[in-house]
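Here are a few notes to help you find your way around. Have the view open as you read, and take the points in order.

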Amino acid sequence: MVDVETQSILVVGGGMTGLTAAIEAAEAGREVYLVEKNPYLGGRVAQMHQYFPKLCPPYCGLEINFRRIKNSGRIHVFTMAQVEYVSGRKGAWDARIKIEPRYVNEKCTACGKCAEVCTSEIDNPFNYGMDKIKAAYLPHDMAFPLRYMLDPSLAKSAEGQTVKDACQYGAIELDMQPKTVELKVGAVVWATGWLPYNAKRLDTLGFGAYPNVITNVMMERLAAANGPTKGKILRPSDGKAPQTVAFVQCAGSRDENHLPFCSSVCCMASMKQATYVREQYPDARIYIFFIDIRAMDRLESFYADLKKDANVTFFKGKVAKIEQDAATENLVLRVEDTTAGSLNMINVDLAVLATGMQPNTSVYHQPTFAERDDYGFIAAQEVTPGFFAAGCCRTPNSVSESVQDGTAAALKAIQSVVRR
Ligand SMILES: Cc1cc2nc3c(=O)[nH]c(=O)nc-3n(C[C@H](O)[C@H](O)[C@H](O)COP(=O)(O)OP(=O)(O)OC[C@H]3O[C@@H](n4cnc5c(N)ncnc54)[C@H](O)[C@@H]3O)c2cc1C
């Protein structure tokens, strides 16, 4: 007989790592509470166009996971939720979860009538602010749960009532308040993942000043069919097809003034994105500026294949500065060729900064008792008996490594509630 109060598991973070931990634990018979800050599950992977190395769309894998959640019946999902407080010991943790108002309840059928009548717009967070959406919106078209939400500015405005009146299902609650839920669980898996390093801090590389300098996560959205340009990779300044694209590796990474560590996936991510450009623009020229390429294990063959492409130049050099030609809004990259020792000026239409993965635990201070390493990652897999860290809040990882880490954490969490 399972005592659900002390044998259940709290998973914090609904990205690939947390989803995996939650599903594996539930399918092994545990009751699971899954707490996710965003209005949807899937984490950063949900915002990608394709996965390396196979280049399949992430929704293949995510859909299977969402089906497993629905079928398990043991996973209690809280979206727009964060842990305010967690404390206890192996077998007996108390957690307080704060849930922000979505202003739309479970009666929503995702018919979209609220968005149809809504006139106010906000920056689209799913597309990193590259386009606008209605303030009554579905976070993205594959969102799980598939439920609309209102931006707080709309819920509090006069237009809120018009939007509410358009919903024939009574799903809109303009007076929805934040809620608090108290949980008692036997073990905790912390899987809060990463955020893109703030490229505005790289003051010589022009992000924010020049529209055609973008980041690698923005490139994922530009290439995605549900992105701001419906999947067409276009220059932000004028909507033109780029003919020369530069990928700037280690933008802020392995740099003691920014992220001193290697995020381990950025080289692969840029090589993958080079294939997005090559597929859309067969004549486009691509430069990949690198310190050294990191493509571990079997990923080496992806690198070897791309090197055979005559339109892709791997350039061992550090990009010191990016400037803009005011007339054309083209970019001029000042690059030091570290092999020849020469300085080069290279003109491109679009530059993609390969910024690294900063752990969310470096900016968000729960759990207070977990020791962080010098970079803000949680320092150990077992933080304390019954409390485990997994995925990119512990170390930078690829998706398959995150899945392995989430599975390992689920096993450890189950062991900790069983062996007492
Ligand atoms: C540009 C780029 C491209 C990439 N492409 C690939 C690829 O093609 N193939 C590949 O294998 N890997 C790729 N990766 C790596 C991949 O993104 C990570 O492996 C993956 O996101 C790790 O999943 P995660 O669950 O650990 O973290 P995340 O995806 O960050 O998920 C963490 C979740 O926790 C939530 N969260 C955060 N804080 C809290 C909180 N306080 N409370 C509740 N919830 C919280 C977040 O909202 C998020 O949903 C890429 C990385 C980059 C930078």
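1. Start at the ligand. In this predicted model, 39 residues surround the ligand, and Gly-13, Gly-15, Gly-43, Gly-193 and Gly-391 come nearest. Two or more residues of this shell come from each of helix 2 (16-27), strand 4 (81-89), helix 7 (216-223), helix 8 (266-280) and helix 10 (399-418).

2. What kinds of residue make up the shell? By class, the shell around the ligand has 17 nonpolar, 17 polar and five charged residues.

3. Now step back to the whole protein chain. Its three parts are domain 1 (4-99 + 178-195 + 358-418), domain 2 (113-166) and domain 3 (198-355). Because domain 1 and domain 3 both give residues to the shell, the ligand lies between these two domains.

4. Next, look at how domain 1 meets domain 2. Their C-alpha centres are 27 Å apart, and each of the two domains gives eight residues to the contact. On the domain 1 side, five of these residues are nonpolar, three are polar and none is charged.

5. Finally, find helix 8 again, this time with helix 9 (residues 300-307). The two axes come within 11 Å and cross at roughly 40°, so helix 8 and helix 9 count as oblique to each other. Their crossing is left-handed. Where they touch, Met-268, Met-271 and Ala-274 of helix 8 meet Phe-302, Tyr-303 and Leu-306 of helix 9. This contact has six nonpolar residues, with no polar and no charged ones.

Notes: Residues numbered from 1 in each chain as written. Predicted model: local features only at pLDDT ≥ 70, side-chain atom pairs only at ≥ 80, totals over all residues. Near = placed C-beta within 6 Å. Helix = DSSP H or I, 4+ residues; strand = E, 2+ residues; numbered from the N terminus. Nonpolar A, V, L, I, M, F, W, Y, C, P; charged D, E, K, R; others polar. Domains from an automatic or database assignment. Axes fitted to C-alpha atoms, helices over the stretch in contact; angles between N-to-C directions. Parallel < 35°, antiparallel > 145°, perpendicular 65-115°, else oblique. Left-handed = near helix turned anticlockwise from the far one by under 90°. Contact = placed C-beta atoms within 7 Å.
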